[in-house]
Amino acid sequence: MTAKKVAVIMGSDSDYPVVKKAEAVLASFGVPFETRVISAHRTPARASEFALAARAGGFGVIVAAAGKAAHLAGFLAAHTTLPVVGLPLKASALEGLDALLATVQMPAGIPVATVAIDGAENAALLAVQILAVSDSALAEKLQKHRVDMAESVAQKDAAFGGSRVQ
Ligand code: RP5
């Protein structure tokens, strides 16, 4: 079985400074991904075309990043039964709250798994976790990541010298 890819779709190239953090996480797990600039509003035909063909194209999950009136994740989700992770971005005067609400408040029937505003790392980790459901090697890497993370926190704790009683 060939490994499933992650589609990383962003509404604009101006989203890339945040989106590249998701790419870095995917790369660290050795998960293949393709990054595209496709807009639900500016290129709706390309967006539906991409989502309709995504499963047959070897993708297992879509990460959709957008700011402002962020309909990208929901629009893609409406055109595929692949899981869609919504990544709302801070791209406007409303500091990302607009994108968060537009991404998370999906009507019943078309789910979008929405992460925090600018939560690119978690968007990628969630995508990896979804693929790891049917990939035990990937699941092991995720387990190691958790162990490494816990050790890192323990080291930071130790650096404070245990409890600080004043
Ligand atoms: C959204 O509008 C994009 O995802 C981006 O966050 C925002 C602004 O896009 P640009 O005007 O910078 O291209 O659709």
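How do the residues of the shell around the ligand divide into nonpolar, polar and charged? There are two nonpolar, four polar and two charged residues, where Ala, Val, Leu, Ile, Met, Phe, Trp, Tyr, Cys and Pro count as nonpolar, Asp, Glu, Lys and Arg as charged, and the others, Gly among them, as polar.

This is a predicted model, in which local features need pLDDT of at least 70 and side-chain atom pairs pLDDT 80 or more, while totals for chains, interfaces and linings use all residues. Residues are numbered from 1 along each chain as its sequence is written, and side-chain values use heavy atoms, without hydrogens and water.

Select the ligand and the residues around it (a heavy atom within 4 Å): Gly11, Ser12, Ser14, Asp15, Arg42, Ala66, Gly67 and Ala91.

Next, show the polar contacts (pairs of N or O atoms within 3.5 Å). A polar side-chain atom of Ser14 lies 2.7 Å from a ligand oxygen, and one of Asp15 lies 2.6 Å from a ligand oxygen. From Gly67, a backbone N or O atom is 3.0 Å from an oxygen of the ligand. Of the 370 Å² of accessible area that the ligand has on its own, the protein covers 76% (Shrake-Rupley method, 1.4 Å probe).

Now move to helix 6, residues 136-159; helices are DSSP runs (H or I, at least four residues), numbered from the N terminus. Its 24 residues reach 35 Å from first C-alpha to last, close to the 34 Å expected (1.5 Å times one less than the number of residues). At its start, select Asp135: a side-chain oxygen comes within 3.2 Å of the backbone nitrogen of Ala137. After the helix, select Gly161, whose phi is positive, near 75 degrees.

Technical notes: A polar contact is a pair of N or O atoms within 3.5 Å; within protein, one must be able to donate a hydrogen and the other to accept it, and residues adjacent in sequence count only if both atoms are side-chain atoms. Helices (H or I, at least four residues) and strands (E, at least two) are DSSP runs, numbered from the N terminus.
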